[in-house]
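Let's take a walk through this structure together, one part at a time. Keep the 3D view open and turn it as you read.

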Amino acid sequence: MKHAADAIVRPEQAAYLELLNQSSVRALATLAGAGAVDGRDPLLGKMEARAAARGYPISDPEVACLLAILARIARPRLVVELGTNIGYGAIVMARAAGRRARVVTIESSAELVREAQGYIAEAGLSERIDVVHGLAIPELEKIEQPIDMVYIDCVKEEYERYLQLALPKLSGRGVIVADNVLWRGTVALGSPPAADRTRAAALGAFNRALVSRPDLCALVLPLGDGVGLAVHI
């Protein structure tokens, strides 16, 4: 979840992109095959309102649109999401990936697990999305099948470890997506605010690790709160 529309890019460009991307975000309803109300997916709209009311850090709608595009292109058989929250990203990816896809999403909060399972059931996706209650690192270590798409949106200080664990499990056509990698723009600052220093340093290390690996083609996009994206070469 981005903390301000212009946290990453300049205000004029942020306002332009926010307006432009509204049409792309509305396409999520069509892409998912869901019924649209005023051009929006009603379930996702309800989840966005719930997250806003409770301060839940779900994916930004434009990041969700990117996830849907990637899932539609990659047609993954197994998607692993680190950080379920209320199930917003998992629903988007499962819908876009198609009926043969399975999504395993990991969440440490029992309360959020229950809430996510409710929304997933409402989406009619309980048979295709497994919500795992546990910590991301040990649960990721347990996965043995090749992973076709990994979405990282969990403990920021652990991103580099997630990458280390996910890469050996990634299939040859696998895709890695990581959210919040610019962290309010503080990752690019020489001296981030004290409250963000540890997190910014950890995300900066992750970004360097992602783009420097010779076996990956990777980049960081100024989308939402910053998105890291990589595929095998």
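Start with the sheet: it is open, it has seven strands, and their order is β3-β2-β1-β4-β5-β7-β6. Bear in mind as you look that this is a predicted model. The pairing in the sheet is mixed. If you're new to sheets, strands pair through backbone hydrogen bonds, and they can do so either parallel or antiparallel. Back to this sheet: its edge strands are β3, residues 129-133, and β6, residues 216-221, and each of these pairs on one side only. On average, neighbouring strands of the sheet are turned by 15° against each other, direction ignored.

Now find β1, residues 78-82, and β4, residues 147-152, which run parallel and are joined by four bridges. If you'd like one pair to pick out by eye, take V79, whose bridge partner in β4 is M149. From β4 you can step on to β5, since these two strands also run parallel, with five bridges joining them. Here a handy pair is I152 and A178, with A178 standing opposite in β5.

How enclosed is β5 by the rest of the structure? Eight of its ten residues are buried, so β5 is largely enclosed. S171 is a good residue to look at in this strand. It counts as buried because its relative accessibility is 11%, and the cut-off for buried is under 20%. Leaving aside neighbours within four places in sequence, S171 is in contact with P146, I147, D148 and H232.

Next, look at the helices that lie across the sheet strands. Helix α4, residues 88-97, lies across β1, β2, β3 and β4. Its direction is at about 165° to that of β1. Helix α5, residues 110-122, lies across β2 and β3, and runs at about 170° to β3.

Another helix to visit is α7, residues 159-166, where you'll find A166. Is A166 buried or exposed? With a relative accessible area of 2%, A166 is buried. Not counting residues up to four places away in sequence, A166 touches L140 and V150. You can also compare A166 with I137: the two are 29 residues apart in sequence, and their C-alpha atoms are 9.7 Å apart in space.

Time to look at the empty spaces. The largest pocket has a volume of about 450 Å³. Which residues lie nearest its centre? They are P57, D153, C154, V155 and K156, out of 24 residues that line the pocket. The elements giving two or more residues to this lining are β2 and α6, the latter spanning residues 136-142. The largest share comes from α6, with three residues. Sorted by class, the lining of the largest pocket holds eleven nonpolar, seven polar and six charged residues.

There are closed spaces too: the structure holds two cavities of 30 Å³ or more. The second largest cavity has a volume of about 40 Å³. Its lining is made of P57, I58, S59, E81, G83, T84, N85, Y88, G89 and D153. By class, that makes three nonpolar, five polar and two charged residues. You may recognise P57 and D153 in this list, as they are also among the residues nearest the centre of the largest pocket.

To finish, here are two loop residues with something to notice in their backbone. R75 has a phi near 50°, a positive value in a residue other than glycine. You'll find R75 in the loop between α3, residues 61-74, and β1. R75 counts as partly exposed because its relative accessibility is 40%. The other one is W183, with a phi near 40°, again positive in a residue other than glycine. W183 sits in the loop between β5, residues 170-179, and α8, residues 197-212. Is W183 buried or exposed? At 7% relative accessibility, W183 counts as buried.

Notes:
Residues are numbered from 1 along each chain as its sequence is written. This is a predicted model: local features need pLDDT of at least 70, side-chain atom pairs count only at pLDDT 80 or more; totals for chains, interfaces and linings use all residues. Side-chain values use heavy atoms; hydrogens and water are left out. Two strands pair if DSSP finds at least two bridges between them. Axes are lines fitted to C-alpha atoms, for helices over the stretch in contact, and angles run from 0 to 180 degrees between N-to-C directions. Contact means heavy atoms within 4.5 Å. On a 1 Å grid over the protein atoms alone, a cavity is a set of points where a 1.4 Å probe fits but cannot get out, and a pocket is an open set with protein on both sides within 12 Å along at least five of seven lines; lining residues have an atom within 4 Å of a point. Grid points are joined across faces, edges and corners, and a volume is the space filled by probe spheres set on the points. Ala, Val, Leu, Ile, Met, Phe, Trp, Tyr, Cys and Pro count as nonpolar, Asp, Glu, Lys and Arg as charged, and the others, Gly among them, as polar. Buried means under 20% relative accessible area, exposed over 50%, partly exposed in between (1.4 Å probe, protein chains only).
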